[in-house]
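I wanted to see how the pieces of this two-chain model fit together. These are my notes, in the order I looked things up.

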Amino acid sequence: MGGLRTAGDLVARVQMTRRLRLPEAKAYVADKLGVSPADLSDPVAMSEVRRERGLGTIPTEDTATVNDALAIEAKVNIARVLDVPVRSVERFAALTRSGGG
Amino acid sequence: MEAIPTRMGDGSLVRMTRAEIEADIHAGVEAGAKRAKVEPLGDDEIDHLVDIFASKARFSAVDIGDEVILTSDGVGSQDTGSRITDLQNYEQTVCTDTVELYHHDYSFKPIKPVLPYEQAIMRQTQLLLTIPVAYGAMPDLGRYTVPDGPVPNWSQLLPLGRIDEARAAQEEAVETAVEDIVYVAEGMYEAGADGINLDTAGAAGDADFLAALKAIERIRARYPDWSIQIGMASEFVLGMHGELEYDGVRLAGLWPAAQMRLAARAGVSIFGPAINVNTGKTVAWNVARTCTVAKPCTDAATIPIHLNGGMGVGGVPMHALPPVDAVSRASRACVDILRLDGL
């Protein structure tokens with residue numbers, strides 16, 4: 001589906017944690033992001049959505065600034081926005097005792 | 001009539017007319033229906049396969065909007081930098097939807113003594129990547145047999161007619177394998193992995209599949225929301241033991257739909273059927289057969305189905321460098337016909 005360029009990783013997380021089949025998983029993510037399911041595989045549409053919500057992107061100077069959440073930063077936002085468990089975010093919160101996510 | 005370039009199951013290029021390709025697809029459907037005792041594909045599905053395989057384009061793809069999720073059984077060659085940069089490359093350049101950290105010796109048994117090193121890589125990876133990072137390995141029940149393991153080798157006992165001893169050996173291996181799989185899974189959960197993948201389940205037959213199911217059941221009980229993925233080794237569970245059951249269902253002889261039901265019952269998140277490739281037949285024949293055999297599985301599924309599509313399974317040629325024209329046709333055809341949730 002295009003992974004980090006689109007919403008592929010987000011739909012994957014919903015499949016993996018909620019065991020939803022693809023149409024339902026796409027509908028779930030689209031609803032959480034306020035877009036249509038068709039937008040989920042469009043890198044132009046999704047790059048803006050991901051930036052606005054801090055959901056991560058390809059980490060190059062052309063695609064991300066120092067103010068854009070990446071990697072573990074983005075995953076904290078992903079867990080909150082999608083309301084899905086992300087193990088690394090849970091560990092990060094526990095080990096930093098920050099209550100993040 | 002125009003000859004269209006197409007591929008054999010071993011990856012070699014051949015040229016066939018549209019009529020020959022169509023006949024081959026019909027033959028593949030018939031072979032799959034007969035072997036697995038399932039319904040054949042419908043006329044519209046067969047026509048769609050013919051259109052895909054009668055194209056001369058270098059690449060084939062699903063329609064915009066029909067893209068599916070890509071999960072993997074091990075990502076990267078581990079020969080171009082560190083294992084972490086391998087995964088980063090797949091995230092940022094290949095743009096796959098998930099990645100999977102793996103050990104070169106891709107079985108749960110050899111991972112057990114080096115688990116802390118694998119955990120260290122996983123925790124670092126999780127700080128650097130955004131997409132899901134799972135950890136994968138094979139149950140690989142044969143590893144538990146002499147001389148590599150503690151259990152008598154049933155492959156040697158069976159030809160000698162020592163059936164009871166062979167069965168007892170497999171039963172012993174199952175219990176040991178389950179402990180190892182659960183131990184590694186727990187370690188990976190603690191390290192922050194997004195999921196665990198049990199790859200080539202059933203490779204050593206029904207005992208191998210049973211070990212996977214019992215391990216999944218224990219992992220699910222401990223971690224209700226964690227991703228547990230299973231990928232089968234072949235289309236049919238071989239009865240190396242013959243009498244093993246899971247939840248009252250005999251495992252020997254199960255085809256994908258029945259495999260999927262048991263895996264779902266055990267608690268799996270994603271199920272990956274594997275339909276074997278016949279290298280002496282065309283890719284078109286193999287994909288037609290694949291779709292026919294797998295369709296009851298996808299039709300009945302209540303969990304995501306990620307068909308195994310790779311060397312020798314899912315219609316993809318059995319070659320170390322499978323041609324993209326064949327891989328794209330096989331992938332697209334299977335997604336279109338089976339309404340897959342992923343590959």
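The entries below go from single helices to interfaces, domains and the core.

**Before starting.** I'm working with a predicted model, so I keep reminding myself of that.

**Entry 1, α2 of chain A.** I started with helix α2(A), residues 22–33. I counted twelve residues there, and from first C-alpha to last the helix reaches 16 Å, close to the 16 Å expected at 1.5 Å a residue. Which residues of α2(A) are buried? I got Leu22(A), Ala25(A), Lys26(A), Tyr28(A), Val29(A) and Leu33(A). Looking down the axis of α2(A), I see these buried residues within an arc of 160°, so they line one face of the helix. That fits the textbook picture: an α-helix has 3.6 residues a turn, so residues three or four places apart point the same way. On the other side of α2(A) I found Pro23(A) and Asp31(A) exposed. I then checked the packing partners: the buried residues of α2(A) sit against α1 (8–18), α3 (43–53) and α4 (71–82) of chain A. Just after α2(A) comes Gly34(A), with a positive phi near 75°.

**Entry 2, α2 of chain B.** I moved to helix α2(B), residues 43–53, and listed its buried residues: Glu45(B), Ile46(B), Leu49(B), Val50(B), Ile52(B) and Phe53(B). Down the axis of α2(B) they fall within an arc of 160°, so they line one face of this helix. What covers that buried side of α2(B)? My list includes β1 (4–7), α1 (18–36), α10 (283–300) and α11 (324–338) of chain B. The face turned away from the buried side carries Asp43(B) and Asp44(B), both exposed.

**Entry 3, Ser55(B).** I stopped at Ser55(B), which lies in the loop between α2 and α3 of chain B. Buried or exposed? I count 16 other C-beta atoms within 10 Å of Ser55(B), so it is partly exposed. Its C-alpha is separated by 12 Å from that of Arg15(B), 40 residues apart along the chain.

**Entry 4, where the chains meet.** I find 29 residues of chain B in contact with 30 residues of chain A. On the chain B side, the elements giving two or more residues are α3 (83–94) and α5 (115–128). α5(B) gives the most, with three residues. By class, I tallied 13 nonpolar, ten polar and six charged residues on that side of chain B.

**Entry 5, domains of chain B.** The domain assignment I pulled up gives domain 1 (1–56 + 281–303 + 322–343) and domain 2 (66–272). Their centres, taken over C-alpha atoms, are separated by 28 Å. Across the boundary, 14 residues of domain 1 are in contact with 15 residues of domain 2. On the domain 1 side, I see the largest share coming from α10(B), with five residues. That side divides into eleven nonpolar, two polar and one charged.

**Entry 6, the core.** The largest nonpolar core has 136 residues, and among those touching the most other members I noted Val29(A), Leu49(B) and Ala211(B). Helix α7(B), residues 163–191, gives the most to this core, with twelve residues. The core also draws at least three residues from each of domain 1 and domain 2 of chain B. For Ala211(B), I skipped neighbours within four places in sequence and found contacts with Pro139(B), Leu141(B), Val174(B), Ala177(B), Val178(B) and Ile181(B).

Notes
Residues numbered from 1 in each chain as written. Chains lettered and ligands numbered in written order. Predicted model: local features only at pLDDT ≥ 70, side-chain atom pairs only at ≥ 80, totals over all residues. Buried ≥ 20, exposed ≤ 12 C-beta atoms within 10 Å, placed from the backbone. Helix = DSSP H or I, 4+ residues; strand = E, 2+ residues; numbered from the N terminus. Arc of directions from axis to C-beta. Contact = placed C-beta atoms within 7 Å. Expected span 1.5 Å × (residues − 1). Nonpolar A, V, L, I, M, F, W, Y, C, P; charged D, E, K, R; others polar. Domains from an automatic or database assignment. Core = buried A, V, L, I, M, F, W, Y, C linked by C-beta atoms within 7 Å.
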